Amino acid sequence: DPASGLKELILQSAEVDFPLYFSFGTEPQSSVVPVFTADSDHLVIENTPKTLTMSTALPSGIVMSRAMTFNPDSYLIDLEVTLHNPSEQYQYQGAPFLAMVNQPFSENKNNQFIFNGPAIYLNGEMEEIKTKKVADAPQSRTGKLDWLGYSGTYFMNTIMPQGDQNTVHFKMLDDTRVSTVLTSSVVTLSPQAVKTYSYATYFGPKKFETLKGTGHNLEKIINFGWFDFLAKPMLFLLNYLYGYLHNYGWAIILVTVIIKLLFWPLSYKGMKSMKTMQKLQPKMAKLKEKFGDDRERMSRETMALYKTYKVNPLGGCMPMLLQIPVFFALYRLLMQTIELRHAPFILWVTDLAAPDRLYLGFDLPYLGGLPVLTLLMGASMFLQQKMTPAPADPTQAKVMMFLPVIFTFMFINFASGLVLYWFINNLLSVAQQYAINKAPD
């Protein structure tokens, strides 16, 4: 809901679930929760960074202080934990533990193909760790860690540690809550010794430019799957066009037009091939009637026919196959890019990241509102099918006529931005097919 207010990214169900829970010598889930004294009861962060310092005495006698620095123009929070051993004769050994507990930031009904769960950037590679794998057995990773955290569709909670070697432990606390604990090597606190641990944290949106500007390779969390290499340039183009149009809906339409123009020669050749194939159907029928019982002869005569009329039987399929990676790249892009979240288009389309619904004053069963854009998309696909030369195989022709219905049901709960792309793509294909049908042979 665009009027739902600010987004809450932290759990407040129990003290040990509080974010950035630090313990020394004892794992967070087993430690006694300390009570801190803060140096201020509130901070007003306007033009300059402000620091909140909290201190406490641990049961061991170690004095711990936590300094959190908040930046007015960044989602970064700097955390510095200082341990002081006030004893003049005792020393303490222990490892530092910094913990986060996360659960999905929101329900994931429509983005079931988008990863939600713990993730790390370790030894130069990003890894998404599925919660099912963690549920089967706790997971641990050790190495050069740029960041660790929890990723949602649009938001992320992350910690960036210092040091070359860190270990991360992942454990499921229940069906939804994931515990992520960062630790490093054991240290000895000699009498009167002071030890400081520094971290940077990012609790905020998964916006590519924001993450890239933050550093620490945080932008690697934005992963568009197998076709990431196609989706990233499209995201750049989408944001570039938005800078001029100030409307992501029109930006999507313009991106669709640009993609269609790039594929125009290939699509045109494929559609021409399909038109020629349709004209060859009577000749194919005669060949089948004449050589139907001799498969080898039938195959030779068919290939000779294709050669005579300079037609490729696969010519109609190739353009569609080559556009599949582009479609999947756009699918991932439009389903998970935060730029479209709550981004309005026109009329009833007020959120390009949400399913398309026009509310009629009463709820429709299973839908709520009427998916107008999705129905228009299905109608445009049906029109495209009617204008496209039918396949020679009657069974295949019937299957093709059912595709608009299948796609309409598939797209009902997809992001309206993706439906808009497919609708405009269909309209451009209809125009292209019309031009080919009217063109002289």
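How many salt bridges does a search of the whole structure find? The search finds 6 salt bridges, and several of them will serve as stops on this tour, which goes through a predicted model.

**The whole protein**

Begin with the protein in a cartoon view, where 10 helices and 16 strands can be picked out. If you colour the residues by burial, 44% of the 441 residues count as buried. Switching to a surface view brings up an exposed area of about 24,000 Å², of which carbon and sulfur atoms supply 59%. Contacts can also be drawn: among those between residues at least 6 apart in sequence, 64% join residues at least 24 apart.

**The sheet of five strands**

Next, select strands S1, S7, S14, S13 and S10, which in that order form an open sheet with antiparallel pairing. Its edge strands are S1, covering 21-24, and S10, and each of these pairs on one side only. When you turn the view to look along the sheet, bear in mind that neighbouring strands are turned by 20° against each other on average, with direction ignored.

Stay with the edge at S10 and add strand S13, residues 166-172, to which S10 is paired in the antiparallel sense over 5 bridges. Within this pairing, select Ser140 and look across to S13, where His169 stands opposite.

Then move to strand S7, residues 96-102, and select Asn102, which lies in that strand. Is Asn102 buried or exposed? Asn102 has a relative accessible area of 3% and is buried, because that value is under the 20% cut-off. Leaving aside neighbours within four places in sequence, the residues in contact with Asn102 are Leu9, Leu11, Tyr150, Asn157, Thr176, Arg177 and Val178.

**The sheet of nine strands**

Now hide the previous selection and show the open sheet of 9 strands, which follow the order S2-S3-S4-S5-S16-S12-S11-S8-S9 and pair in the antiparallel sense. Strand S2, residues 37-38, and S9 stand at the edges with a single partner strand each, so one side of each is left without a neighbour in the sheet.

Further inside this order, select strand S11, residues 145-151, together with strand S12, residues 155-161; the two run antiparallel and are joined by 4 bridges. To see one facing pair, pick Leu148 and look for Ile159 in S12, which stands opposite.

**Three salt bridges**

Side chains of opposite charge can pair when their charged atoms come close. For a case in the strands, select Arg141 and Glu127, whose side chains meet in a salt bridge with an N to O distance of 3.0 Å. This pair links distant parts of the chain, since Arg141 belongs to strand S10 (residues 139-143) and Glu127 to strand S9 (residues 125-128), 14 residues apart. Arg141 counts as buried at 14% relative accessibility, whereas Glu127, at 26%, counts as partly exposed.

A little further along the chain, select Lys144 and Asp146, whose side chains also meet in a salt bridge, here at 4.0 Å from N to O. Lys144 counts as partly exposed at 36% relative accessibility, while Asp146 counts as buried at 17%.

For the third, go to helix H3 and select Lys232 and Asp228, which form a salt bridge whose closest N and O atoms are 3.1 Å apart. Why are these two separated by about one helical turn? Lys232 and Asp228 are 4 residues apart in helix H3, residues 228-245, and that spacing places about one helical turn between them. Lys232 counts as partly exposed at 24% relative accessibility, and Asp228 is buried, with a relative accessible area of 19%.

**A nonpolar patch on the surface**

Keep H3 in view for the last stop and return to the surface display, selecting Phe236, Tyr240, Tyr244, Leu245, Trp250, Leu254, Ile346 and Leu347, which make a nonpolar surface patch of about 890 Å². Two elements give two or more residues to this patch, namely H3 and helix H4, covering 248-279. The largest share, 4 residues, comes from H3. End by selecting Leu254, which lies in helix H4 and, at 34% relative accessibility, counts as partly exposed.

Methods
Residues are numbered from 1 along each chain as its sequence is written. This is a predicted model: local features need pLDDT of at least 70, side-chain atom pairs count only at pLDDT 80 or more; totals for chains, interfaces and linings use all residues. Side-chain values use heavy atoms; hydrogens and water are left out. Buried means under 20% relative accessible area, exposed over 50%, partly exposed in between (1.4 Å probe, protein chains only). Contact means heavy atoms within 4.5 Å. Accessible areas come from the Shrake-Rupley method with a 1.4 Å probe; for residues, only the protein chains shown count as cover. Two strands pair if DSSP finds at least two bridges between them. Axes are lines fitted to C-alpha atoms, for helices over the stretch in contact, and angles run from 0 to 180 degrees between N-to-C directions. Patches are made of residues with over 30% relative accessible area and no salt bridge: like charges are joined within 9 Å, nonpolar side chains (Val, Leu, Ile, Met, Phe, Trp, Tyr) within 5 Å.
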